[in-house]
Number of protein chains: 2
Amino acid sequence: MEFDKIIMERYATKLFDKRRLPESKVDKLIEIIRYAPSSFNIQPWVVQIITDQDTKEKLSGASWNQPQITSCSHLLVFCADTNLLANIEELEKLMISKGDKQSEVKQAIDMMKNFEKTLNSDKKLAWAQRQTYLALGNALNGAKFLGFDSCPMEGFDPKEYSNILNLPDNIVPTALCPIGYAKDKPNPKLRFPKERVFRYH
Amino acid sequence: MEFDKIIMERYATKLFDKRRLPESKVDKLIEIIRYAPSSFNIQPWVVQIITDQDTKEKLSGASWNQPQITSCSHLLVFCADTNLLANIEELEKLMISKGDKQSEVKQAIDMMKNFEKTLNSDKKLAWAQRQTYLALGNALNGAKFLGFDSCPMEGFDPKEYSNILNLPDNIVPTALCPIGYAKDKPNPKLRFPKERVFRYH
């Protein structure tokens with residue numbers, strides 16, 4: 001399916017049919033998510049993948065019992081990683097291991113560390129969450145490309161999710177993306193007119 | 001080009017060749033951006049499109065003189081719109097004009113208004129900016145799909161951009177996306193391994 005068609009056919013699926021996705025398709029989606037862009041390539045995110053039905057039931061209680069959580073095949077929990085410094089250091093190792101020039105690596109990493117220092121903890125979280133939405137976007141479009149459905153969701157209790165999934169403080173649940181095969185049908189897409197959204201200079 | 005190939009071929013272009021994109025291609029990109037998803041479908045974003053070279057020169061000074069700004073064809077400035085209530089009210093009109101049931105519209109709009117009330121001004125901005133990154137992601141992938149290049153950029157002074165573009169307070173420049181034809185070549189893509197990013201439960 002071409003990208004412009006993916007954009008129009010993707011929709012926020014409210015109910016899945018409980019069929020399990022083949023792991024080969026999920027692995028393809030993982031690659032599409034993994035290669036999402038992020039500022040400085042810091043990749044400040046971790047994605048929890050839940051297939052265990054008992055865990056989904058527990059999480060459903062922390063998501064206003066919305067039926068996507070228990071009827072999906074895999075529940076992806078997109079988390080922002082606020083430990084930017086750890087990510088920067090990991091990225092440094094990766095750049096060196098791939099053979100980047102030491103002086104260029106140092107310059108890039110110093111720039112990232114200086115940027116990181118300018119952010120307080122609230123700004124770190126907001127920044128990491130923004131980046132995470134680029135990865136989320138790839139998941140939503142990627143699912144439709146691979147022939148299945150998805151639903152972006154913010155209606156859940158991040159603290160409860162943290163507790164149930166036993167996440168460290170720096171890994172902050174930010175958006176859900178249940179994936180699977182839809183049991184519902186899309187409504188027509190409704191968007192603001194071009195004139196409201198785009199301004200020419 | 002298939003979506004998985006778009007993901008791998010898209011890259012942050014550092015220099016464009018100054019050729020002007022045909023408006024028909026830009027219009028296709030606009031549709032791909034316009035149909036991006038957002039929470040509650042509130043679409044809390046406005047995109048400024050700059051083609052005037054004098055304005056680009058001025059903006060370049062507010063973006064550390066990075067060469068993408070003056071060498072691109074069109075500079076897209078993705079802005080978060082923090083006036084969520086105005087967007088919700090506009091969405092209400094749109095839903096009614098498209099023939100949605102009055103009772104269902106009321107229920108949906110009430111939910112959005114209750115959500116909006118829970119956010120202070122910092123949280124409104126952070127939330128709107130996150131959504132804006134979904135639109136930005138569509139732009140980046142959409143450009144490659146349509147046969148041209150792009151660069152996501154956060155390195156600029158939002159206040160200076162506001163002044164130069166004469167934007168109201170609720171329209172907050174959040175990310176840049178210059179588009180055009182690349183004059184550089186991509187480096188190999190570097191990402192954290194799957195094991196670091198994805199955790200199974």
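**Briefing: a two-chain predicted model with shared sheets**

A:Phe78 stands opposite A:Ala175 in S4(A). That pair belongs to an antiparallel ladder, in which 8 bridges join strand S2 (residues 74-81) of chain A to strand S4 (residues 171-180) of chain A. The model is predicted. Its two chains touch through 51 residues of chain A and 51 residues of chain B. Each of the sheets described below takes in a strand from the partner chain: S5(B) joins S3(A), S4(A), S2(A) and S1(A), while S5(A) joins S1(B), S2(B), S4(B) and S3(B).

**Chain A in outline**

- Chain A holds 9 helices and 5 strands.
- Along the sequence, the elements of chain A run α-α-β-α-α-β-α-α-α-β-α-β-α-β.
- A box of roughly 55 × 50 × 35 Å, taken along the principal axes, is filled by the C-alpha atoms of chain A.
- Chain A has 201 residues, and 42% of them count as buried.
- Contacts in chain A reach across the sequence: among those between residues at least 6 apart, 84% join residues at least 24 apart.

**Sheet built on chain A**

- This open sheet has 5 strands, ordered S3(A)-S4(A)-S2(A)-S1(A)-S5(B), with mixed pairing.
- Its edge strands are strand S3 (149-150) of chain A and S5 of chain B, and each pairs on one side only.
- The link between chains is parallel: S1(A) pairs with strand S5 (residues 198-200) of chain B over 3 bridges.
- Within that link, A:Gln48 faces B:Arg199 of S5(B).
- Helix H8 (residues 158-165) of chain A lies across S1, S2 and S4 of chain A.
- The direction of H8 in chain A is at about 85 degrees to S4(A).

**Sheet built on chain B**

- Here 5 strands form an open sheet in the order S5(A)-S1(B)-S2(B)-S4(B)-S3(B), and the pairing is again mixed.
- S5 of chain A and strand S3 (149-150) of chain B stand at the edges; each has a single partner strand, so one side of each is left without a neighbour in the sheet.
- Helix H8 (residues 158-165) of chain B packs on this sheet and touches S1, S2 and strand S4 (171-180) of chain B.
- That helix makes about 85 degrees with the direction of S4(B).
- Strand S1 (residues 45-50) of chain B runs antiparallel to strand S2 (residues 74-81) of chain B, with 6 bridges between them.
- B:Ile49 has B:Leu76 of S2(B) as its bridge partner.
- S2(B) and S4(B) are also antiparallel, over 8 bridges.
- B:Asp81 is set opposite B:Ile171 of S4(B).
- S3(B) and S4(B) pair in the antiparallel sense over 2 bridges.
- B:Ser150 has B:Ile179 of S4(B) as its bridge partner.
- Of the 10 residues of S4(B), 9 are buried, so the strand is largely enclosed by the rest of the structure.

**Helix packing in chain A**

- H2(A) and H7(A) pack with their axes 8 Å apart, at an angle of about 145 degrees.
- The crossing of H2(A) past H7(A) is right-handed.
- H2(A) brings A:Leu29, A:Ile32 and A:Ile33 to the contact.
- H7(A) brings A:Ala135, A:Asn138, A:Ala139, A:Gly142 and A:Ala143.
- By class, the residues of this contact are 6 nonpolar, 2 polar and no charged.

**Interface between the chains**

- 51 residues of chain A are in contact with 51 residues of chain B.
- Several elements of chain A each supply at least two residues to the side touching chain B. They are helix H1 (3-9), helix H2 (23-34), strand S1 (45-50), helix H5 (84-97), helix H7 (121-145), helix H9 (194-197) and strand S5 (198-200).
- H7(A) gives the most to that side, with 11 residues.
- The side of chain A that touches chain B has 28 nonpolar, 11 polar and 12 charged residues.

**Symmetry**

- Chain A superposes on chain B by a rotation of 180 degrees, with 0.0 Å of shift along its axis and an RMSD of 0.0 Å.
- That is the relation of a two-fold axis.
- A:Arg130 comes closest to the rotation axis of the residues of chain A, at 2.2 Å (C-alpha).
- The copies meet through the same surface, because 100% of the interface residues of chain A are also interface residues in chain B.

Methods:
Residues are numbered from 1 along each chain as its sequence is written. Chains are lettered from A and ligands numbered from 1 in the order in which they are written. This is a predicted model: local features need pLDDT of at least 70, side-chain atom pairs count only at pLDDT 80 or more; totals for chains, interfaces and linings use all residues. Two residues are in contact if their C-beta atoms, placed from the backbone, lie within 7 Å. Helices (H or I, at least four residues) and strands (E, at least two) are DSSP runs, numbered from the N terminus. Ala, Val, Leu, Ile, Met, Phe, Trp, Tyr, Cys and Pro count as nonpolar, Asp, Glu, Lys and Arg as charged, and the others, Gly among them, as polar. Two strands pair if DSSP finds at least two bridges between them. Axes are lines fitted to C-alpha atoms, for helices over the stretch in contact, and angles run from 0 to 180 degrees between N-to-C directions. A crossing is left-handed if the near helix is turned anticlockwise from the far one by less than a right angle, and right-handed if clockwise. Copies are superposed by least squares on the C-alpha atoms of residues with pLDDT of at least 70 in both. A residue is buried if 20 or more other C-beta atoms lie within 10 Å of its own, exposed if 12 or fewer, and partly exposed in between; C-beta atoms are placed from the backbone.
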